[in-house]
Amino acid sequence: MPTPHEHTGQDGHHHSHGHSHGHSHGIDLDWDALGDDLERQAEARAGFIAEAAAWLGELAPWPAGGADGTPRRIIDVGGGPGTNATLLAHAFPGAEVVAVDGSAALVARARARAEREGLSGRFTAREAQLPDDIDRLETGDLVWSSRVIHHLGDQQAALNRLAEHVLRPGGLLAVAEGGLEPRCLPRDFGIGKPGLESRLEAAFQDEFATMRRELPGHAQLAEHWPAMLERAGLRHAGTRSFLTDLPAPLDRPVREHLRTRFARTRERMADRLDAEDVRTLDALLDDDSPAGILQRPDVFYLTATTVYAGRRER
């Protein structure tokens with residue numbers, strides 16, 4: 001996988017979600033420790049995967065699919081701890097699923113999750129690096145990539161290679177990128193200046209742009225994903241956005257994910273924020289306070305993810 005810059009995105013990932021390997025711009029990442037939060041984040045958004053899978057199923061026919069018309073093999077590129085891959089396996093019970101990631105710790109988590117869910121017989125997880133190992137991946141009828149391509153310096157080249165080397169003729173490449181950044185607090189939640197999350201998102205976008213510029217082989221392009229899929233030789237098969245809407249009060253695992261996200265924001269972006277916003281983050285991170293993210297009653301989770309699908313002609 002790429003060498004991701006571990007920024008704390010408002011999408012709820014740590015934006016090391018290339019899930020790729022344990023080094024990021026001189027920072028050694030403990031992927032096994034990060035795996036707990038990656039799993040919590042993916043589990044919070046499980047409904048999106050189920051809805052996206054149903055939509056992709058409607059875009060059949062699949063190449064030489066089984067009797068139920070589902071894909072024979074699904075490749076999850078940059079699958080992290082395997083949460084999405086196992087959800088896809090449940091959604092397409094006739095398919096073999098291959099989860100690919102650059103972190104040995106996350107690959108081990110994916111295998112363990114598949115075993116717990118009774119999927120071991122048709123689930124494979126293996127270590128591979130993007131973009132270097134694209135040409136050596138298995139081929140699939142459905143190639144799924146969620147928030148990974150933007151961690152590759154040349155996004156168009158990565159799509160080109162996935163379309164040519166991994167996607168079978170007649171199959172679909174589904175890329176989850178963009179959408180709407182998460183919100184979890186009211187505009188005015190009684191601490192600091194109103195509009196904290198908008199300011200955090202602005203700081204995140206600055207950091208994201210820096211991350212992109214520093215990637216090896218960085219190529220600037222307009223991120224019009226349907227056009228990018230077409231330049232990769234695919235026919236645009238559809239675009240759809242999926243809402244994740246978890247109202248207050250939130251369950252504890254989602255709160256813990258949000259607390260981790262705010263903690264990483266505090267750690268990595270304090271120098272981009274004013275002193276009052278830093279104090280507000282400290283208040284939200286106070287686990288003993290009713291104002292903290294783990295206790296306050298007004299915390300919700302709302303985000304949207306867009307999936308772009310391109311079909312390789314037979």
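**Contacts of R231, helix α9 and D298**

Apart from neighbours within four places in sequence, R231 makes contact with Q156, N160, L221 and A222. The model in which these contacts are found is a predicted one. R231 belongs to helix α7, which covers residues 225–231. With Q156, the contact includes a polar one: the two side chains are joined at 3.1 Å. A157 offers a further reference point in this part of the chain, for its C-alpha atom is separated from that of R231 by 9.7 Å, although the two positions lie 74 residues apart along the chain.

The wider setting may be described next. The chain comprises 9 helices and 9 strands. Of its 314 residues, 55% are buried. Among contacts between residues at least 6 apart in sequence, 76% join residues at least 24 apart.

Helix α9, residues 275–284, may now be examined in detail. At its start, a side-chain oxygen of D274 comes to within 3.2 Å of the backbone nitrogen of E276. Within the helix, the buried residues are D277, V278, T280, L281 and L284. Viewed down the axis of α9, these buried residues fall within an arc of 155°, and they therefore line one face of the helix. The spacing of such residues follows from helix geometry: an α-helix has 3.6 residues a turn, so residues three or four places apart point the same way. The buried residues of α9 pack against two other helices, α6 (196–214) and α8 (252–269).

The packing of α8 with α9 can be described further. Their axes are 10 Å apart, and the helices pack at an angle of about 145°. The crossing of α8 past α9 is left-handed. On the α8 side, the contact is made by F262, T265 and R266, and on the α9 side by V278, L281, D282 and L284. Sorted by class, the residues of this contact are 4 nonpolar, 1 polar and 2 charged. V278, L281 and L284 of α9, which take part in this contact, are also among the buried residues of the helix.

Beyond α9, the loop leading to β9 (301–311) contains D298. Is this residue buried, partly exposed or exposed? D298 counts as partly exposed because its relative accessibility is 22%, whereas buried means under 20%. Residues up to four places away in sequence aside, D298 touches C184, L185, P186, F189 and A248. The C-alpha atoms of D298 and P247 are 8.7 Å apart in space, with the two positions 51 residues apart in sequence. The side chain of D298 is also joined to that of R296 by a polar contact of 2.6 Å.

Key:
Residues numbered from 1 in each chain as written. Predicted model: local features only at pLDDT ≥ 70, side-chain atom pairs only at ≥ 80, totals over all residues. Heavy atoms only, no water. Buried < 20%, exposed > 50% of the residue type's maximum accessible area, 1.4 Å probe, protein only. Helix = DSSP H or I, 4+ residues; strand = E, 2+ residues; numbered from the N terminus. Arc of directions from axis to C-beta. Contact = heavy atoms within 4.5 Å. Polar contact = N/O pair within 3.5 Å; in protein donor to acceptor, adjacent residues only side chain to side chain. Axes fitted to C-alpha atoms, helices over the stretch in contact; angles between N-to-C directions. Left-handed = near helix turned anticlockwise from the far one by under 90°. Nonpolar A, V, L, I, M, F, W, Y, C, P; charged D, E, K, R; others polar.
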